[in-house]
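Visitor: Could you take me through one part of this model closely, with the cut-offs stated as you go?

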Amino acid sequence: MASPAPLVASISHQMVALQTLQLLQQEWGWGDGPSAPGSPRGPDHVPISQARRPGQLRTRRGLGRGSTGARGSPEAGGLRGAEGGAELLPFPRDRGPCTLARMAMRSALARVVDSTSELVSVEQTLLGPLQQERPFPVHLKDSVEFRNICSHLALQIEGQQFDRDLNAAHQCLKTIVKKLIQSLANLPSDAHVVACASLRQILQNLPDV
């Protein structure tokens with residue numbers, strides 16, 4: 001029986017990314033809370049209600065090498081996304097008008113969050129048992145990169161860098177799903193066909209941008 005360790009590790013990195021993005025949505029007032037449709041309810045899921053609430057901001061600490069400036073200042077307040085994730089910068093209270101650009105950004109972020117949630121659910125419920133029965137390649141480094149992109153995204157406020165990071169997260173998530181489909185393509189059992197169909201459905205929610 002094949003070890004499911006690579007898949008379990010990939011799911012763990014994706015969960016950190018998902019929790020970070022969910023907290024980012026909540027901090028900006030864009031999230032639907034812990035009862036949002038499609039949210040995974042596996043043993044590793046951490047509901048938003050258990051996370052720190054907006055306003056419970058604390059000084060950014062321990063961001064590692066590369067963090068500079070304004071330590072301990074009010075502007076450097078942050079919110080811990082998840083263990084190993086980024087600390088979120090507080091979104092300005094005066095957000096200004098809801099422009100088309102901001103609506104598009106909100107929609108794009110929600111698409112990545114929903115698709116990540118669906119991916120984790122498919123991996124936990126369908127791919128986990130399949131991986132134990134018959135091994136297939138899992139590209140762990142892509143999930144690590146996805147987590148790192150989401151952590152960097154959470155440190156942005158708005159602007160071109162946020163847009164670039166959000167697009168990078170979108171593309172990286174698509175890569176993860178596509179590679180899983182390729183890995184399952186050579187295993188034409190009924191269970192693998194069902195798993196591939198679920199993964200293709202996720203891709204449909206991630207159109208090219």
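Visitor: Before the close look, what percentage of the residues of the protein chain count as buried? After that, please look closely at Gln156.

Guide: This is a predicted model, in which local features need pLDDT of at least 70 and side-chain atom pairs count only at pLDDT 80 or more, while totals for chains, interfaces and linings use all residues. Residues are numbered from 1 along each chain as its sequence is written, and side-chain values use heavy atoms, with hydrogens and water left out. Of the 209 residues of the protein chain, 43% count as buried, where buried means under 20% relative accessible area, exposed over 50%, and partly exposed in between, with a 1.4 Å probe and protein chains only. The protein chain has five helices and three strands, taken as DSSP runs numbered from the N terminus (helices H or I, at least four residues; strands E, at least two), and along the sequence they follow the pattern α-β-β-β-α-α-α-α.

Gln156 sits in the loop between α3 (140-153) and α4 (160-185), and with 16% relative accessibility Gln156 counts as buried. The side chain of Gln156 reaches the backbone oxygen of His152 at 3.1 Å, a polar contact in the sense of a pair of N or O atoms within 3.5 Å, where, within protein, one must be able to donate a hydrogen and the other to accept it, and residues adjacent in sequence count only if both atoms are side-chain atoms. Leaving aside residues up to four places away in sequence, Gln156 touches Trp28, Gln161, Phe162 and Asp165, contact meaning heavy atoms within 4.5 Å.
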